[in-house]
Structure formats: structure tokens, C-alpha cells
Amino acid sequence: METYIEASVILLLLTDIALFGTSRLYTCITIAAVQGVLLGLIALFANAETFIPRIIVIASIGIVIKAFVFPYLLKRTIRQAGVQREIQPFIGYLSSLVVSLVLFGVSIWFSAKLPLALGAGRSMIIPAAIMTMFTGLFLIVARRKALTQCIGYIVCENGMYLFGMVAVGEIPALVELGILLDAVAAVTVMGVAMYHINREFDHIDTDRLSSLKG
Amino acid sequence: MLILPLCTGAVAATMPAARKALAVMCTGILLTAGFGWWSVVHVVCHGTLFAASDWLFLDALSAYNLAIMLLVFSLCACYAYVYFSCELRRGQLTLRQARLFTALFSGSFSTMALVLIANNLSIMWVSLEATTLVTTFLIYLHSSRQSLEAMWKYLIICSVGMAFAFMGTLLAAAAAVKGGSVEGAQALLWTHLVGRASLCDPMLMKAAFIFLLIGYGTKAGLAPMHNWLPDAHSQAPAPVSALFSGFMLSASLYCIMRYLPIVSSAIGSPRWATNLLILFGIVSLLVAAAFIIFQHDVKRLFAYSSVEHMGIIALGLGLGNAGVFTALFHTLNHSLGKTLAFFSAGRLGQIFKTTDMGQMRGVMRISRVWGFGLFISVLALIGAAPFSIFMSEFQTVKAALDAGNVTAAVLFLFGAGIVFMGVLAHLIPVFWARNESDVSLVTTGLLEKFLVFFPGVLLLFLGIWMPDFLHGAIDRAAAIILSGGN
């Protein structure tokens, strides 16, 4: 099982780096969906020996939400807004990739500083989780489109989910469901908000929402 | 208490007429508030209440905050009826909007109550995040470009803030698990954690508190994470602004208060956490003071004043002992004062059809009741004697001097002084200048008089004399923050 976990974690890191360099919004959404599936798989692999039905149910719900519900909501928004690409982000794609390497270094450093109690063979998961959070925050800060910011929020949430899974271990099912429910509600609310922004302004560029100052 | 407002919200959302929907919502909120008061009184008399196999609980700290919340929500619900009735007369509010408002307003009541009564720290987080999502569309009730922009800022900044808070919650849980003090399933039960906090890993707990302070601080509007606040407060309809300022910000600070005893006992000394709070408090105070000078819009002015007061509460929490007492007292005073301020500003804004202070002139001549409300609330908010905010600010300075923190006291007085002059310079013409526009004299109903009179008198009363039961209640709540109630 350890090999499967490690393979999933490496794939997760690759999806993070791909998000730094992708301009097509459809591709971004797909990558975020793949991440959701990977997270679910990691949760399943990590508990494969003990076979707890609760964890399997929650991981499956998570996969369904992140791989089908979120992409459906976001792709609908893309169709409504008629946007395909993130054009001229605040930080260019090449520089973004450089930033991703720096952030990866920072996440390894940061996780080395945290004195967490981890099982054997789990040492790569924490840096991957923190890297995923950084990716999400970066997308929120460095991109113009409201949609990319929403994807950033999902990715950030993914990272924290992974972190919680490894660092805390057993979280009551009710709490996990509450957290998932919040994420679904957040993405739905953001989707509706983007629909209104697009209808009112004919664009979803957040840097052009700048009439309120001071 | 959680379900009743949800039900009335759902019923209100199906009402055929807007006015009926508002009335149903008011009844629902007031009924629930009655029930809530009963449980608050129960806690004051008999001690902590538990429910749902310890997942929900109400101790002195949450009961005190719940009492403030019930007060603010009841006032806001009545005010919403008055405010939106006026809009209905002018045809500015459609049935759909009224239904949306009632449903979301009732929903936010439930989620905020859950923040206060949740024993599990992650449930507390889930419900505070839910308040963000529920209140988002309240800002955008009146479709306009500005409110849309404010709504998006609010949504993104607060969501990211809440993500930080979630990370902090996870780190706190990890600290507890690492220390071996708790089983996984109980790792986040506050009552469980607080007794065993000294076993938690101090390093992880420090990291957790930094994330929590930034995360919940964003939602509480502490500078420099306050950017969403003035936009959201100025663009939301007045009942919603009053609710935001009056209680939502305090609810977020309440979450920080919950963590204070755990963090202090895990690290072994409260100094580290309280110094951070003092820093954020002073920065908020000074940033707000600087921005208040340049405001044109009365609601934005009050929004920055909220940043200032949140800073004062954080400062009080940071000063420890007597400071915590005044911070809790200040929470009550600020909620009352700010609710009244937004009520008056909103109503006068309706009368003048603008909230620009350059065009609102001579409000005292136009509407004696609401002008008076604005006058009282402004005097209270800038800390003029004999209102209760003066008392709590005075005690904060005293607590700072007692704690030997002269720098904090001086910076506090400096910031508060700037706010005092800045606000008065803006608002004196608003009260008494001659009005050239064609706004005519407005009559006010009995309910409106009550809405001005009640918080105003309460502010004055608490400034002059503090009843023993209130003193005792705040003392017990402060003991929980200082030592976990042991």
C-alpha cells in the first residue's frame, strides 16, 4: 500500500505544478478534479488494512463531489461567461513555475519544522499537502479571473483535507461531512456570484472590480 | 433553537406577500430569542448546559455572547421590518428579494447560534464558515455593481481567512493528538481539550494560534486583514450592516477567545499569545483612525469604526486579567452602539436617498428620532462620557497601565483621540447644518422610537451603573478565557 500512497502523492505534486502553468480554464478544472480523486484514493489506501466503512463512505462522497459536482458547476459557469483562458495573469506562466519551485522548497522546510507525529512512510504527505495549499493561495492571489480564484479555493481546501487526514487522523464523520458540505456550498455560492458578476459586467476579471476604495 | 429559525425562514420564504414574509421572520426570531434567553438565564443560575452527547454546550462565556447575539438579532429583525416596509412603499423591494432576505436572515441566526453553542472546535469552524456563505447574498440584496463587487471581495477574502482558520484548527488537533492527551474522536471537543491542554505540543499549538488569529481575525475585521469590511458594510442594506457589525465580527472574535486558555496552557504562559493580540489590536486601532479621517460615506465611516472597536477588544483580551473583563464588556457596548448607529444611518440614508455625508445635512431638523439616534450612537462610539463605551475604553487604558504596558496605553489614547476628532469633524455638519435640499420632515412610528430609545438608554444606563448580575456574568466568562474556568 505504501507504494500506492507514494505514487498518489507524487501525482498530486505534479498536478500542483501543472496548475501553476496552465492557462486554459477547462484544463484547470480537470486538474482540480483529478486532485480530488487522488485525495480520495490516498484516504482509501491509507486505511486499506483496517477497512473502516465510515472512511470508505466519506472518501467516496468526497470523490464524487470533487470529481463530478465541482467540475459540473464550474464548467457551467465557463459556458455562461464564455471565457476560455486566463489571459495576462498578474504573474506570467514562466515566473509562476519558478514560484512553484520556491514554494515547494518552502513547504518542505515548513513541514520539517512542524513536529508532527507521523506513521512510517508518510513523510512526503505533509509537504505535498502544504504545497497544495500554497498552490491554491497562489491561484487566488496571482490570477485575474474569478473562476480561477474559485479553483484556487478548491485546491486550497484539498490541501487542508490531506493535511487533516495525516496530521489529525480520526476526525468524526459528522465533522467531515460538515466540512464537505461547506465546500460544496462555497463553490455553489461562488458560482452564483460569478453568474451575477458576468451578467452585470460582461466579464469575470476581478481586478476590474475596483470602484470601492478607501 | 437552531431549527426553529430555519423553519420560520422556510415558511417566510414561501409567504405570498413581502410584508407577511418579514412579519413571519420577525416572529420566528423573537420566539427563538425568547427560548434562547431562557437557556441563558438557566446557565447564569445553574451553570453549564450540555446537549447532544456533549457536542453542544452553553457555558458562561457562550451564554454571555449568546445574550448579546439575541439582543442584536431581535433588534435587527424589528428594524428590518421597519426598513423594508419603507422600501416596499417605494417599490424598491420585490417579493423575491424579501423572501430571499427572510430565508437568509433566519439562516444566519441559526448558523451564528451554532458557532456559540458548539463544543467541537471544528463544528464551530464549520458554522462560522456557513455564516459567511449565508450572509453573502444579503450584501447583494439590492442588485448593483458596487454591491456585487463588495460581495465578491467579502466572499473571497473571508473564505481564504476561514481556510487559514481551518488549518489552525487542524494544527490544534494535531497538537492534541501528538501530546497523546486525547483520542482522535475527542481531539476537538473544547471541554475535553481545555483540561488536558498542558499535554499538547507547544510548538504545534503556536503554529495553530498564528493561523487561527489570522483566519478568525480576517472575519473579525482586524487590520491588516480588514479590506473586505468597509465595502461589505457600506453596500449591504442597513439591517444587514447592523448585524455584521453588531454581532458577526464579535462571533469571530469569540472563536479566538475559545482558543486562548488552550494555547496559554499548552505553551505554559499566556504572554506569547497575548502579545500577538495586543499587536493586532493596536494596528487595527491606528489603521482605522487613519482611514476615518478621509471618509465621505457615513456607513463606511461606521465600518472603520468597527475595525477600531474590534482592535480595542483584541487589545483588551491581550492585556489579560482586568483587560479580558473590559474586552467582554466592550463587546456588549459596541454591539449596542453600532447596531443603533447603522439603524440610524440606514434610515436617514433612506430619507435622504444617499449616505454621502456631504449631502446629508441637518438631520436633526428632518427626523428628530433618527437624528437623535445617530447623535447618541456617535457620541457613544467615539467614547464620550457618560456612555458605557467610555467606561470600557477607560478601563482598557487602566488595564494597560496596570499591566505595565505604557506603550499600548499611549498608542490607544492617540488612536482613540484621532477617531474622536475625525468622526466629530465629519458629523457635526450632518447634525446641525442648514439643509438646502427638498427633503421634508418625516414622522416616525412607535416601533421606530423604541428601536432608537431602547439601545440608547441601555448604553447610557450601563455607562452609569453596572448591575451585579451582569458583573458576575462577565466575571465568570472572563474566568473561562483566563483559565478555562477552573
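How many helices and how many strands are there in chain A? Select chain A of this predicted model and count: there are 7 helices and 0 strands.

**Chain A as a whole**

Colour chain A by secondary structure and follow the chain from the N terminus; the elements run α-α-α-α-α-α-α. The radius of gyration of chain A is 18 Å, and the globule rule gives 17 Å for 214 residues, so chain A is as compact as a globular protein of that length. Along the principal axes, the C-alpha atoms of chain A fill a box of roughly 55 × 35 × 35 Å. Of the 214 residues in chain A, 44% are buried. Now turn to the contacts in chain A between residues at least 6 apart in sequence: 76% of them join residues at least 24 apart.

**The annotated segments of chain A**

Select residues 25-45, 51-69, 90-112, 124-143, 150-168 and 174-195 of chain A. UniProt, in an unreviewed entry, places the feature "transmembrane region" at these positions. Two of the segments can be looked at one by one. Over residues 124-143 of chain A, the chain is 90% helix and 0% strand. The end C-alpha atoms of residues 124-143 are 28 Å apart. Next, select residues 150-168 of chain A, where the chain is 95% helix and 0% strand. Here the end C-alpha atoms are 26 Å apart.

**A helix pair in chain A**

Stay in chain A and show helix 3, residues 53-81, together with helix 6, residues 146-167. At what angle do helix 3 and helix 6 of chain A pack? The angle is about 170 degrees, and the axes are 11 Å apart. An angle over 145 degrees counts as roughly antiparallel, and helix 3 and helix 6 of chain A are therefore roughly antiparallel to each other. To see the contact, show the side chains of Phe70(A), Leu74(A), Thr77(A) and Ile78(A) on helix 3 of chain A. On helix 6 of chain A, show Leu147(A), Cys150(A), Ile151(A) and Ile154(A). The residues of this contact between helix 3 and helix 6 of chain A comprise 7 nonpolar, 1 polar and no charged.

**Where the two chains meet**

Show both chains and select the residues in contact between them: 36 residues come from chain A and 38 residues from chain B. On the chain B side, helix 5 (121-139), helix 6 (145-178) and helix 8 (202-220) each supply at least two residues. Which helix of chain B gives the largest share of the side that touches chain A? Helix 6 of chain B does, with 19 residues. Coloured by residue class, the side of chain B that touches chain A shows 26 nonpolar, 6 polar and 6 charged residues.

**Chain B as a whole**

Hide chain A and look at chain B, which has 19 helices and 2 strands. The radius of gyration of chain B is 21 Å, close to the 23 Å that the globule rule gives for 486 residues, so chain B is as compact as a globular protein of that length. The C-alpha trace of chain B spans about 70 × 50 × 45 Å along its principal axes. Of the 486 residues of chain B, 63% count as buried.

**Single residues in chain B**

Go to Trp37(B), which sits in helix 2 (residues 18-46) of chain B. Trp37(B) has 15 C-beta neighbours inside 10 Å and therefore counts as partly exposed. Then add Leu70(B): Trp37(B) and Leu70(B) are 33 residues apart in sequence, and their C-alpha atoms are 7.6 Å apart in space.

The next stops concern the backbone. Most residues other than glycine have a negative phi, and most peptide bonds are trans.

- Ala223(B) to Pro224(B): this peptide bond is cis, with omega near 5 degrees. Pro224(B) is in the loop between helix 8 and helix 9 (228-235) of chain B.
- Ala385(B) and Pro386(B): a cis peptide bond joins them, and omega is about 5 degrees. Pro386(B) is in the loop between helix 15 (368-381) and helix 16 (388-402) of chain B.
- Asn321(B): phi is near 40 degrees, a positive value. Asn321(B) lies in the loop between helix 12 (298-319) and helix 13 (322-352) of chain B, and is partly exposed, with 13 other C-beta atoms within 10 Å.
- Lys353(B): phi is positive, about 60 degrees. Lys353(B) is in the loop between helix 13 and helix 14 (363-366) of chain B, and counts as exposed, with 11 C-beta neighbours inside 10 Å.

Terms used
Residues are numbered from 1 along each chain as its sequence is written. Chains are lettered from A and ligands numbered from 1 in the order in which they are written. This is a predicted model: local features need pLDDT of at least 70, side-chain atom pairs count only at pLDDT 80 or more; totals for chains, interfaces and linings use all residues. Axes are lines fitted to C-alpha atoms, for helices over the stretch in contact, and angles run from 0 to 180 degrees between N-to-C directions. Helices (H or I, at least four residues) and strands (E, at least two) are DSSP runs, numbered from the N terminus. Angles under 35 degrees count as roughly parallel, over 145 as roughly antiparallel, 65 to 115 as roughly perpendicular and the rest as oblique. Two residues are in contact if their C-beta atoms, placed from the backbone, lie within 7 Å. Ala, Val, Leu, Ile, Met, Phe, Trp, Tyr, Cys and Pro count as nonpolar, Asp, Glu, Lys and Arg as charged, and the others, Gly among them, as polar. The radius of gyration is taken over C-alpha atoms; the globule rule is 2.2 Å times the number of residues to the power 0.38. A residue is buried if 20 or more other C-beta atoms lie within 10 Å of its own, exposed if 12 or fewer, and partly exposed in between; C-beta atoms are placed from the backbone. UniProt positions are given in the numbering used here, feature names are shortened, and annotations may be inferred rather than shown by experiment.
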